[in-house]
Amino acid sequence: MLARYADGRVVIRSHRGTDMTAAFPEITRAAASLPAGVKFAMDGELVVWEGGQVAFERLKGS
């Protein structure tokens, strides 16, 4: 889950609730760069694309 709060704070959490914000600085920066006051929450899956296929094992433990 990715959330951006009205104060500009961005948080990325795994499906287990682990704070993963520091692990994805490019996504955090993109969400933080939205105009002031924009707040939202997104739910989805991050995948690693490697060698022409999804590498699920690269995200284990998150």
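Colour the whole chain by accessibility to begin: of its 62 residues, 23% are buried. The model is a predicted one. With the C-alpha atoms alone displayed, the chain fills a box of roughly 40 × 25 × 20 Å along its principal axes.

Next, switch the colouring to pLDDT. The average over the chain is 84, and 94% of the residues reach a score of at least 70. Among the elements of the chain, strand 2 has the highest mean pLDDT, at 93, and strand 3 the lowest, at 81.

**The overall fold**

Change to a cartoon representation. The chain contains one helix and five strands, and along the sequence these follow the pattern β-β-α-β-β-β. A contact map is a useful companion to this view: among contacts in the chain with a separation of 6 or more, 41% are between residues 24 or more positions apart.

**The sheet**

Select residues 2-4, which form strand 1, together with residues 10-12 and 40-42, which are strand 2 and strand 3. These three strands make an open sheet in the order 2-1-3, with antiparallel pairing. Strand 2 and strand 3 are the edge strands, each pairing on one side only. From one strand to the next, the twist averages 5°. In general, the strands of a sheet pair through backbone hydrogen bonds, in either a parallel or an antiparallel manner.

Now restrict the view to strand 1 and strand 2. The two run antiparallel and are joined by three bridges. Within this pair, select Ala3 and Val11: Ala3 stands opposite Val11 of strand 2.

**The helix and the core**

Add residues 25-32, which form helix 1. This helix lies across strand 1, strand 2 and strand 3, and runs at about 145° to strand 2.

Which residues make up the largest nonpolar core? Select Leu2, Val10, Ile12, Met20, Phe24 and Ala31 as sticks; these six residues constitute that core. Then centre on Leu2. Leaving aside neighbours within four places in sequence, Leu2 is in contact with Val10, Val11, Ile12, Ile27, Ala31, Phe40, Ala41 and Met42.

Remain at helix 1 and select Arg29, which is found in this helix. Arg29 is exposed, because its relative accessible area of 55% lies over the 50% limit. For a distance check, draw a line from the C-alpha atom of Arg29 to that of Asp43: the two residues are 14 residues apart along the chain, and their C-alpha atoms are separated by 17 Å.

**Two loops**

Move to the loop between strand 2 and helix 1, where Ala22 lies. Is Ala22 buried or exposed? Its relative accessible area is 74%, so Ala22 counts as exposed. Add Ile12 to the selection: Ala22 and Ile12 are ten residues apart in sequence, with a C-alpha to C-alpha distance of 8.4 Å.

The other loop to visit connects strand 1 and strand 2, and Asp7 is placed there. With a relative accessible area of 61%, Asp7 is exposed. Extend the selection to Val38, which is 31 residues from Asp7 in sequence; in space the two are 8.7 Å apart, C-alpha to C-alpha.

**The salt bridge**

Keep Asp7 selected and add Arg9. The two form a salt bridge in which the closest N and O atoms are 3.8 Å apart. This separation satisfies the criterion because a salt bridge requires a side-chain nitrogen within 4 Å of a carboxyl oxygen. By this rule, the count comes to one salt bridge. In general terms, side chains of opposite charge can pair when their charged atoms come close. Arg9 is partly exposed, at a relative accessible area of 45%, whereas Asp7 is exposed.

**The last stop: strand 5**

Finally, select residues 53-54, which form strand 5, and display the side chain of Val54. How does Val54 count in terms of accessibility, and why? Val54 is partly exposed because its relative accessibility is 28%, a value between the limits of 20% for buried and 50% for exposed. To complete the view, add Val47, Val48 and Trp49: Val54 touches these residues, not counting those up to four places away in sequence.

Note on methods
Residues are numbered from 1 along each chain as its sequence is written. This is a predicted model: local features need pLDDT of at least 70, side-chain atom pairs count only at pLDDT 80 or more; totals for chains, interfaces and linings use all residues. Side-chain values use heavy atoms; hydrogens and water are left out. Two strands pair if DSSP finds at least two bridges between them. Helices (H or I, at least four residues) and strands (E, at least two) are DSSP runs, numbered from the N terminus. Axes are lines fitted to C-alpha atoms, for helices over the stretch in contact, and angles run from 0 to 180 degrees between N-to-C directions. Contact means heavy atoms within 4.5 Å. A nonpolar core is a set of buried Ala, Val, Leu, Ile, Met, Phe, Trp, Tyr and Cys residues joined through side-chain atoms within 4.5 Å. Buried means under 20% relative accessible area, exposed over 50%, partly exposed in between (1.4 Å probe, protein chains only). pLDDT is the predictor's confidence in each residue, from 0 to 100.
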